[in-house]
Amino acid sequence: MPPGADAPPVEAAGRYFNGASARPHQVCLRLDGRFRVTGPGVARDWNPLDLRAADSMPPLMRVGPAHEPERVEFSDDALAAALAARCPDLHRRDEAGGVLRLVLWSVAAGLSVLLVAILGVPHLARLLVPLVPETVEARLGATVEPQVLRLLGSPPACTEASGRAALARLVARLAAAGQADGASPSDLAVSVRRQGTANAFALPGARVILLSGLIERAKAPDEVAAVLAHELGHVSARDPTRSLIRASGTSFLLSLILGDLTGSTMIVAIGQALLSAGYSREAERAADAHAVGLMARAGGNGAALADVLERISSDDDRRGTLDLLRTHPLTAERAAAIRALAGPEAPGRQILSAEDWAALKGICGPSP
Ligand SMILES: [Zn+2]
């Protein structure tokens, strides 16, 4: 059954053009399971799935079957809305536009291959990242997040109310601490997902996903906060976007040139890159330093980052494939550097009240 076949029929007056002459024919349009065009000397019965919209100035709408010259025009909001709802391919460009697109792709592909050959992908990534507008990054994050979640096995979101309120207070404290040095993006989106692995991910567009395994393994709120602050370090340095450009190389460039960041070619590569490729050692060191600084300004214990990483690395039941240490390898040197940066008085501080910490621990509700 075509989509909307059981929805009520919608009718409107319109004009039919046969594609051979410019003469309009007054017709009656009716969308039920089919799209029917009837009038003096005209009787058409089109499958809504075949309909495509041509360019027109609203409220005028012009539609016709794909690959046919026939068109009808009308100015009726109800019919336009019904068509939009029931014709999934209404705005698909599969005629002349397809050829133009192919030409554009070829030109862009040639250019980007040339650039990659001259500059190399890592250098290109460094050059490109500052040029990616924040709005594009936000869209990219929104596109990539579902893919990353699928790769993680679609863990459910943790939505227990008092836990979310505690998390919101923690994020606000870290964001405020970041704003003091202008390093924190204004609209952070931090979510917790129920999954036993101890891990956290930063995505483009200031999105951070915490897996509940991290909260379970943490012995103090500062441990969760410090991992979050470390991910925020990656966010401020735009590491996720850089890593994504590296992973997708020329296809990212192509998408950028063509304005099609949702191109499925790159999305899979990106999701995988964000989950498993990790960042450079320098990027990790910078994110650690960012985390310790943020924690100190927020009144927390930055050294807790070393504590939690050490605990995860000593776990007997490490679910080794995807935990935090795979993308954030811990060395004794790294742990010592974190503690030295945090200073001797840091372990005396706690970023959340005992009540908020208990609430955050319960954000995923009782174990299933
Ligand atoms: Zn990191």
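Trainee: How many of the 16 residues of helix 7 are buried?

Mentor: Buried means under 20% relative accessible area, exposed means over 50%, and partly exposed lies in between, with a 1.4 Å probe and protein chains only. In helix 7, 15 of the 16 residues are buried, and the helix is mostly covered. This is a predicted model, where local features need pLDDT of at least 70, side-chain atom pairs count only at pLDDT 80 or more, and totals for chains, interfaces and linings use all residues. Residues are numbered from 1 along each chain as its sequence is written, and side-chain values use heavy atoms, with hydrogens and water left out.

Trainee: What counts as a helix?

Mentor: Helices are DSSP runs of H or I with at least four residues, numbered from the N terminus. The expected span is 1.5 Å times one less than the number of residues. Helix 7 covers residues 221–236, so its 16 residues should span 22 Å, and its end C-alpha atoms are 22 Å apart, which agrees. After helix 7 comes Arg238, with a positive phi near 60°.

Trainee: Which residues does a disulfide join?

Mentor: A disulfide is a pair of cysteine sulfur atoms within 2.5 Å. Searching the whole structure gives one. Cys158 and Cys364 are joined, with S to S at 1.9 Å. They sit in distant parts of the chain, 206 residues apart: Cys158 in the loop between helix 4 (134–151) and helix 5 (161–179), Cys364 in the segment after helix 15 (354–361).

Trainee: Is Cys158 buried or exposed?

Mentor: Cys158 has 7% relative accessibility, so it counts as buried. Cys364, at 15%, also counts as buried.

Notes. Helix = DSSP H or I, 4+ residues; strand = E, 2+ residues; numbered from the N terminus.
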